[in-house]
Structure formats: C-alpha cells, structure tokens
Amino acid sequence: MTPAKTDHQFHPRSQYVREPVLVDGITRAGKFLLGHIVASMSGMEFMQYPPLLEIALYLTRLGKLDLDTARILVQTDIDLNTYNMMIGRGLNGRVHDSSSIHNAADAERFLARAASEDVESLIAAFQEESRLPLYIGHESLCNGRTLFEIYPAIRLISLQRDPLALIWSWYRRGWGRRFGLDPKSMAIGFATRSGPVPWFALNWEPDYYALSEMDRVIKSIETLQALAREEYEALTVEQRARVHFVAYEEILLDPTTVIGGISRYLGRPPLAQMPAILARERVPRAVPPGQRRGLFEQLRREMSPDLAPAVESLMADYDGYWMTLVTKQRNSGS
C-alpha cells in the first residue's frame with residue numbers, strides 16, 4: 001500500500017548542535033588518526049561516527065529523500081548523538097577500537113559524565129563551555145552543497161590522501177566488491193541487473209561488473225575525487241572558507257604544523273595531552289623514500305593498462321589541485 005502524500009510541514013527543531021565539526025574524507029584516508037588530533041583540542045568532544053549523515057546526503061542527491069526530510073532526520077540524529085555524549089550515555093568502551101572512549105585525551109571527563117546523576121548540570125556545562133561536537137564522515141564533501149544546507153555553520157575538515165595509497169588500501173580492504181554484499185560493511189547497495197552497486201557508481205553501473213576488482217576501485221576513487229572537486233567549487237565563497245584542508249602525509253611528517261593550522265581554524269589550543277596522543281599514534285613517522293613509485297608499480301601489475309591514464313590524472317589532480325589548497329591555507333595561516 002502506497003502511503004498518501006500530505007502537505008504537512010516540519011516545525012523547525014530547537015537544536016543542541018548548530019556548529020558541528022566534521023572530519024571528512026574518502027574511505028581509508030586516515031580520518032580516525034586526524035580525529036584523535038582534533039579531539040585533543042581544548043573544548044572538543046570525542047569523535048563519533050553518525051552513518052545517517054553521509055547516507056542522507058547521497059540519498060538526497062539521488063532523490064530518495066527530499067531536503068527537508070534529510071535536514072530533520074540528520075539534525076535530530078546529530079542532536080541525539082551529542083546529547084548522549086554530553087550525559088555520558090552509550091560511550092564506546094571497547095578498548096581495541098580506535099574510537100574507544102578510553103583513547104580520548106581527556107577520557108576522565110567523559111567517564112565522569114556517565115557516573116553523574118545530574119543530567120541538567122551536564123547539559124548546562126556543555127553549553128556554558130561552548131564545547132564542539134566532533135564527527136567522522138565519509139565522502140561528505142562529495143555532497144557538500146546539501147551538507148551546508150543542513151548545517152550552514154558546519155566546520156568541515158577535509159582530509160586528503162595520495163590517491164595511490166587510497167586505491168591500494170581500498171583494494172586490500174575489499175572495497176571493490178563489498179558494497180551491498182558484505183553485511184559487516186554497513187554499506188548500502190543499489191540494485192542493477194548485474195548486482196548491487198554503491199551510490200557513486202550509478203552513473204557508470206553498466207561498467208561496474210565488467211571491470212576487474214582493481215579497475216573498479218580506480219574508477220570509484222576517480223569518481224569520488226571528481227564529485228568532491230565539483231561540489232567544493234560549487235560552494236559559495238563563505239562556505240568554502242568554512243572548509244579546512246589537511247593532507248594525511250603532512251600529519252605523518254609535520255604534525256606540529258597541522259595542529260597549528262587546526263588550532264587557528266577552530267580557535268582552540270591543543271590540550272596538554274597532545275604530545276602523548278601523537279606518541280601513541282606514532283607521529284611523526286617517516287614515509288619510506290620512493291613509496292609512491294613503488295605503489296604505482298604495484299598497481300600497474302594489478303590494473304588494466306588502459307586505466308593508467310586515469311591513475312596518472314588522479315596523481316596530477318592531487319598534486320596540482322588538492323595539495324595546492326592545503327598549501328594555500330598553510331601559507332595564509334588559516
């Protein structure tokens with residue numbers, strides 16, 4: 001039975017969260033490493049992963065959700081996640097997870113909330129201290145205009161990583177075959193005659209199953225990078241100013257500079273525990289010389305020869321476009 005359409009309008013919600021901080025990037029870009037750094041800034045909440053946010057963004061792109069419905073769903077879900085964090089409910093106690101609350105720089109703060117009966121005092125303290133909730137997202141910049149419609153004041157930290165490293169990591173983790181098939185992936189697939197495909201492959205779904213697994217991964221990264229660039233360039237000047245770019249490789253080699261940039265961007269200094277967090281995450285650390293060339297040679301053995309121009313184009317776009325944005329922000333002190 002098809003439900004009847006109505007003209008009922010949503011009443012605007014009173015929100016706990018109007019200015020979330022979102023660490024975003026393509027899957028396997030290293031967002032949890034960056035998340036630990038951002039969470040170790042003064043006045044930051046510990047990171048959470050709300051899958052509804054990124055799902056609602058691409059469902060809106062596909063016309064599966066209208067913008068008003070996406071907005072009310074996401075804002076309600078983010079508020080609920082934030083409320084649970086501010087009162088110490090639902091904290092991840094699994095010690096082996098990177099997102100475990102025990103890995104927070106100021107874990108005692110969050111654990112003390114869970115032991116408190118006075119919910120109203122916890123909420124008041126959160127608001128009086130102007131604490132910022134922190135979330136992790138995947139490919140959110142690929143739907144950046146919708147994201148800014150939902151949260152105009154969002155602070156988006158976009159993590160960039162060498163596409164060769166992304167391609168190889170995707171391949172090793174099975175992201176050329178898991179969408180819609182592996183329940184553990186929690187990834188939504190869309191039905192086609194050949195099988196399920198991810199949202200970003202719907203424009204080239206006839207090729208999805210014709211390609212080898214490695215070629216499918218390359219085409220996926222190529223598509224996501226193109227969408228991210230298209231959406232970023234479609235943002236207004238004011239919206240683009242709310243996006244802060246970080247390069248994964250710079251976190252490894254020069255975390256002090258990265259931390260300084262994030263601190264200026266958020267207007268919050270690092271906590272005293274930051275050095276301990278960096279040591280635990282093994283940064284700084286050396287990047288083996290010739291790593292990129294080695295990865296490229298590995299990929300050449302796995303991919304079809306006619307995909308080589310796409311990989312070379314991805315490398316050029318990363319060096320000439322995304323890293324230019326990173327460098328420009330670094331040099332401007334923003």
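Select L299 first, in this predicted model. Leaving out residues up to four places away in sequence, L299 touches L164, I167, W168 and M214. The residue belongs to helix α14, which spans residues 291-302. With a relative accessibility of 0%, L299 counts as buried, the limit for that class being under 20%. Then add D215 to the selection: the C-alpha atoms of L299 and D215 are separated by 9.7 Å, although the two residues are 84 apart along the chain.

**The sheet**

Next, display the strands as a cartoon. In what order do the five strands of the open sheet lie? The order is β2-β3-β1-β4-β5, and the pairing is parallel. At the edges are β2 and β5, each of which pairs on one side only. Direction ignored, neighbouring strands of this sheet are turned against each other by 25 degrees on average.

Select β1, residues 21-25, together with β3: five bridges join these parallel strands. Within this pairing, V21 stands opposite L134 of β3. Helix α3, residues 67-86, packs on the sheet and touches β2 and β3; its direction makes about 120 degrees with that of β2.

Move now to β2, residues 44-48. Five of the five residues of this strand are buried, so β2 is largely enclosed by the rest of the structure. Its parallel pairing with β3, residues 132-138, extends over three bridges. To locate one such position, select M44, whose bridge partner in β3 is L132.

**R113 and its surroundings**

Select R113, which is found in helix α4, residues 107-114. Is this arginine buried or exposed? R113 counts as buried, because its relative accessibility is 7% and the class requires a value under 20%. Its side chain reaches the backbone oxygen of M85 at 2.9 Å. Beyond its neighbours within four places in sequence, R113 is in contact with E45, M85, M86, I87, G88, L122 and R131.

**Aromatic rings**

Show the side chains of the aromatic residues. How many aromatic pairs does a search of the whole structure find? The search finds 14. One of them is the edge-to-face pair of F179 and F200, at 5.6 Å centre to centre and with 85 degrees between the planes. Both residues lie in the loop between α7 (163-173) and α8 (205-208), so the pair ties together parts that are 21 residues apart in sequence. F179 and F200 are both buried.

Widen the selection to Y58, W170, W175, F179, F190, W199 and F200, which ring pairs link into a cluster.

Then centre the view on Y232 and F245. Why is this pair classed as edge-to-face? The ring centres are 5.1 Å apart and the planes stand at 85 degrees, so the pair falls in the edge-to-face class, for which the angle must be over 60 degrees. Y232 is in helix α9 (residues 213-234) and F245 in strand β5 (residues 243-247), so that the pair links distant parts of the chain, 13 residues apart. Y232 and F245 are both buried.

**Charges over rings**

Two further selections complete the tour. Select R161 with Y248: the charged end of R161 sits over the ring of Y248, 3.9 Å from its centre. Finally, select K219 with W204; K219 lies over the face of W204, at 5.7 Å from the ring centre.

Methods:
Residues numbered from 1 in each chain as written. Predicted model: local features only at pLDDT ≥ 70, side-chain atom pairs only at ≥ 80, totals over all residues. Heavy atoms only, no water. Phe/Tyr/Trp six-rings, centres within 6.5 Å; stacked < 30°, edge-to-face > 60°. Helix = DSSP H or I, 4+ residues; strand = E, 2+ residues; numbered from the N terminus. Buried < 20%, exposed > 50% of the residue type's maximum accessible area, 1.4 Å probe, protein only. Lys NZ or Arg CZ within 6 Å of the ring centre and 35° of its normal. Polar contact = N/O pair within 3.5 Å; in protein donor to acceptor, adjacent residues only side chain to side chain. Contact = heavy atoms within 4.5 Å. Pairing = 2+ DSSP bridges. Axes fitted to C-alpha atoms, helices over the stretch in contact; angles between N-to-C directions.
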